[in-house]
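User: I am new to this structure. Please take a close look at one part of it that involves strands, and then go through the helices and loops so that I can place that part among the rest.

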Amino acid sequence: MYIHNLVKETVSLRGCPVPMDPAANPKLRVNIVALGDVGTTMLIGLRLLGGDVIHSIGICDIRKENTERLEMEINQIGYPFEGPSLPTVDVVPEEELFAGDVLIFCASRGVPPVEPGSNIDVRMAQLDANRDIIRHYAGLARQADYRGLVAVVSDPVDNLCAAFLDESGLQPWQIQGYGLGVMHKRAEYYASKEDRFQSYLTEGRAFGPHGKDLVIANSIENYDDALSRELTQKATHANIAVRDLGFKPYIAPALSSAALSILLTLRGQWHYGSLYMGTLSHGAFLGIKNRLTKDGWEWEDLDLPKELFERIQNAYENLCEIR
């Protein structure tokens, strides 16, 4: 069974929200909503690594002092003499957020307190509060008749993408969620620690949402269901392991899921992110390996073992239930 067999029919993703002509080599305007721990760390990554595809970055946050500080500090990051050009950073008001090519949504009402050793899925606990926030910005996108790319980073990524789609009137090909990249890297981290998981490093794939119902496959051709589920569990609870040490697990997500994956998107290269599958009345954003081309989105349509396909199908249907 192939990935496309998850749905009988689906909306088209044959549309490109940003210029992708290598000959023209256009650099893009990126705007970021909310500069907390994740947004700030991501901003640093985009500044340092994105000069080939980004010419400037606008930052918007409810804390005026925070954006003023970041405008000063981030623009002071650079090479001492000759080096690659880095995107400039400037403060933008909310009403100008949708004047650029890419809008990155990092806003959150805050992470609920979690007791050490708890198995609570923090990401889903954030859904109701963050859904209200993203609907506000989706309304602004509708008013602006926005034509660019919306990159959703806040948790729960896949559900918030759906909320933005429902409220904004944008096309599904204008929205992608960025949460699966770090789950892939977390699986790689544990695979590098234990020999029995090492097949993931060369043969594995990640699918599904960032959190509950994540699907890690140790291998496509030599799929081992029990081994894959164990590795999935490790990747899913990697954030809890950091919390148990007394820290917020935001560095790897901000860079692996957000900064690096967004830059790969803008370069037209393969990465992990959530794409819309299904019809507008029954569909969901599902994390998968994909890339953006000048004609629209392309995903890796693998021939999957039955057990693996059923895991991904279960994740997809659960996402369809929560919009």
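Analyst: Two strands count as paired here if DSSP finds at least two bridges between them. The model is predicted, and the description below should be read with that in mind.

The part to look at closely is strand β10. β10 covers residues 283-293 and is mostly covered, since eight of its eleven residues are buried. Buried here means under 20% relative accessible area.

β10 is paired with β9 and with β11. Strand β9, residues 271-278, runs antiparallel to β10 and is joined to β10 by eight bridges. One place to find this pairing is Met-277, which stands opposite Ala-284 in β10. The connection between β9 and β10 is a hairpin through four residues. Strand β11, residues 296-299, is also antiparallel to β10, and four bridges join the two strands. In this pairing, Thr-293 has Gly-296 in β11 as its bridge partner. β10 and β11 likewise form a hairpin, with two residues between them.

From the strands we can turn to the helices, beginning with α2. Helix α2 spans residues 64-74, and its buried residues are Asn-66, Thr-67, Leu-70 and Ile-74. Seen down the axis of α2, these residues fall within an arc of 95°, so they line one face of the helix. On the other side of α2, Lys-64 and Glu-65 are exposed. The elements that cover the buried residues of α2 include helix α1 (37-49) and the strands β2 (54-60) and β3 (88-91).

Helix α1 can be followed further through one of its residues. Val-38 lies in α1. The relative accessible area of Val-38 is 26%, and the range for partly exposed runs from 20% to 50%, so Val-38 counts as partly exposed. Leaving aside neighbours within four places in sequence, Val-38 is in contact with Val-153, Tyr-250 and Ala-254. Val-38 and Ala-258 are 220 residues apart in sequence, yet their C-alpha atoms are 8.7 Å apart in space.

A residue of helix α10 can be described in a similar way. Ala-252 is found in α10, which spans residues 251-266. With a relative accessible area of 37%, Ala-252 is partly exposed. Apart from neighbours within four places in sequence, Ala-252 is in contact with Val-182 and Ser-257. Ala-252 and Glu-71 are 181 residues apart in sequence and 23 Å apart in space, C-alpha to C-alpha.

Next come the helix pairs. Helix α6 (residues 180-193) packs with helix α8 (residues 225-236) at an angle of about 115°, and their axes are 8 Å apart. Angles of 65 to 115 degrees count as roughly perpendicular, and α6 and α8 are therefore roughly perpendicular to each other. The crossing of α6 past α8 is right-handed. On the α6 side, Met-183, Arg-186, Ala-187, Tyr-190 and Ala-191 take part in the contact, and they meet Leu-231, Lys-234, Ala-235 and Thr-236 in α8.

Another helix pair is α4 and α5. The axes of α4 and α5 cross at roughly 35° and come within 8 Å. The crossing of α4 and α5 is right-handed. Among the α4 residues in the contact are Leu-127, Asn-130, Ile-134, Tyr-137 and Ala-141, while the α5 residues include Asn-159, Leu-160, Ala-163 and Phe-164.

Some loop positions remain. Asp-145 lies in the loop between α4 (127-144) and β5. Asp-145 has a positive phi of about 50° although it is not a glycine. The relative accessible area of Asp-145 is 47%, which makes it partly exposed. Following β5 (149-152), the loop that leads to α5 (157-168) holds Pro-156. The peptide bond from Asp-155 to Pro-156 is cis, with omega near -10°.

Asp-213 is found in the loop between β7 (205-207) and β8 (215-217). Asp-213, which is not a glycine, has a positive phi of about 75°. Its relative accessibility is 22%, so Asp-213 counts as partly exposed.

To return to the part chosen at the start, β10 is joined by a hairpin of four residues to β9 and forms a hairpin with β11 that has two residues between the strands.

Methods
Residues are numbered from 1 along each chain as its sequence is written. This is a predicted model: local features need pLDDT of at least 70, side-chain atom pairs count only at pLDDT 80 or more; totals for chains, interfaces and linings use all residues. Side-chain values use heavy atoms; hydrogens and water are left out. Buried means under 20% relative accessible area, exposed over 50%, partly exposed in between (1.4 Å probe, protein chains only). The arc is that of the directions from the helix axis to the C-beta atoms. Contact means heavy atoms within 4.5 Å. Axes are lines fitted to C-alpha atoms, for helices over the stretch in contact, and angles run from 0 to 180 degrees between N-to-C directions. Angles under 35 degrees count as roughly parallel, over 145 as roughly antiparallel, 65 to 115 as roughly perpendicular and the rest as oblique. A crossing is left-handed if the near helix is turned anticlockwise from the far one by less than a right angle, and right-handed if clockwise.
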